[in-house]
Amino acid sequence: MADLQLTNVAKRFGPVNVIDDLSLSVRNGEFLVLVGPSGCGKSTLLRMIAGLESISGGELVIGGERTNDVSPQNRNISMVFQSYALFPHMNVRRNIDFGPRVRGETSETIEKGVSRASKILNLGDYLDRRPAHLSGGQRQRVAMGRSIVRDPKVFLFDEPLSNLDAKLRVQMRTEIKALHQRLGSTIVYVTHDQIEAMTMADRIVVMNGGRIEQVGTPLELYDRPANRFVAGFIGAPAMSFLDGRYETDENGERVVLTNGAVVPVAPCSAENGEAVAVGIRPETYVRDEQGPLALTAEVVEPTGPEIHVFGHIADTEVRAVFRDRLLPEPGETIRLSVPSEHVHLFDATNGVRLGP
């Protein structure tokens with residue numbers, strides 16, 4: 001295991017900055033997830049850590065050693081790719097022990113490594129099978145076994161679950177998190193799926209345009225997003241935003257929306273009369289016949305445990321989630337309120353969080 005430090009790291013392809021002055025610290029034994037939209041630079045950053053992409057500026061330190069110019073095979077890291085990258089003509093045993101054999105390790109050491117990895121990943125019954133005779137989840141476990149047998153300082157995962165169906169993704173999420181708990185290893189994991197990030201990470205790094213928007217635990221990012229981008233990216237279904245104007249006087253704090261509706265809010269750093277964006281998570285809407293918000297239902301989606309209602313409030317598209325079984329008809333208007341402690345306020349210009 002090892003900690004990992006990136007200081008003012010940059011990556012340029014000609015005149016284009018893909019990673020721009022990025023600093024990040026990964027603690028020893030931490031499960032850190034890089035998440036963000038396509039093209040945000042998360043996979044490029046992972047490849048820089050692995051040594052598969054050169055570093056244009058800044059410093060990378062793994063386990064106390066500066067590794068900017070160290071070759072990938074000498075960094076003592078291991079990477080699991082989205083495509084599995086297994087040898088189709090070799091059985092599971094040979095795929096797992098390929099690295100140790102190339103490095104010239106003893107037969108006894110190789111056998112112990114394969115036995116340990118196959119036991120951790122429940123691959124004992126499949127060691128003589130070739131990849132073509134395995135399911136997608138089993139192939140992914142073989143790719144992970146090839147990493148475990150190296151006993152690296154840092155594990156790197158590049159969207160390893162993207163090729164799996166929805167049910168298997170859920171299963172593999174649990175298996176990878178359980179693997180981390182057993183090994184106590186340092187893991188840097190890349191995904192575009194924020195549900196994967198929320199359920200697996202000790203901390204999440206939200207990236208956008210080659211920069212870090214926010215770093216924190218899953219619940220820190222969910223409960224107190226630093227800006228509108230993070231608020232809209234973290235959470236499924238996504239947070240909705242209503243435009244309005246912040247007002248405060250002896251009667252308390254509130255936001256007056258563009259349609260005149262008045263939403264009570266908690267004290268924040270906004271100035272009286274300032275234009276703001278009101279962020280509301282779908283599950284925090286409350287049915288309230290006297291509520292200030294009028295949702296015109298357009299699409300109703302029963303999921304079993306929840307009812308999702310898609311429609312408009314003040315000309316803004318929103319999605320509300322309810323736990324009851326009352327299904328509104330399309331075109332019906334529902335009156336709603338939101339507890340003030342669940343209302344998020346953001347600067348209308350730069351998107352920075354204003355509170356509460």
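**Exercise 1. Find the residues at the heart of the largest nonpolar core, and follow the contacts of one of them.**

Step 1. In this predicted model, local features need pLDDT of at least 70 and side-chain atom pairs count only at pLDDT 80 or more, while totals for chains, interfaces and linings use all residues. Residues are numbered from 1 along each chain as its sequence is written, and side-chain values use heavy atoms, with hydrogens and water left out.

Step 2. A nonpolar core is a set of buried Ala, Val, Leu, Ile, Met, Phe, Trp, Tyr and Cys residues joined through side-chain atoms within 4.5 Å, where buried means under 20% relative accessible area (1.4 Å probe, protein chains only). The largest such core has 42 residues, of which Ile 96, Met 144, Phe 157, Ile 176, Tyr 189 and Ile 204 touch the most other members.

Step 3. Leaving aside neighbours within four places in sequence, Ile 176 is in contact (heavy atoms within 4.5 Å) with Phe 31, Met 144, Phe 157, Pro 160, Leu 161, Tyr 189 and Met 200. Another core, of 28 residues, lies apart from the largest one and includes Leu 242 and Phe 322.

**Exercise 2. Work out the strand order of the four-stranded open sheet and identify its edges.**

Step 1. Strands are DSSP runs (E, at least two residues) numbered from the N terminus, and two of them pair if DSSP finds at least two bridges between them.

Step 2. The order is S2-S1-S4-S5, with antiparallel pairing; seven bridges join S1 (residues 4–13) to S2, and Gln 5 stands opposite Ser 25 in S2.

Step 3. Strands S2 (16–26) and S5 (65–66) each have a single partner strand, so one side of each is left without a neighbour in the sheet.

Methods:
Buried means under 20% relative accessible area, exposed over 50%, partly exposed in between (1.4 Å probe, protein chains only).
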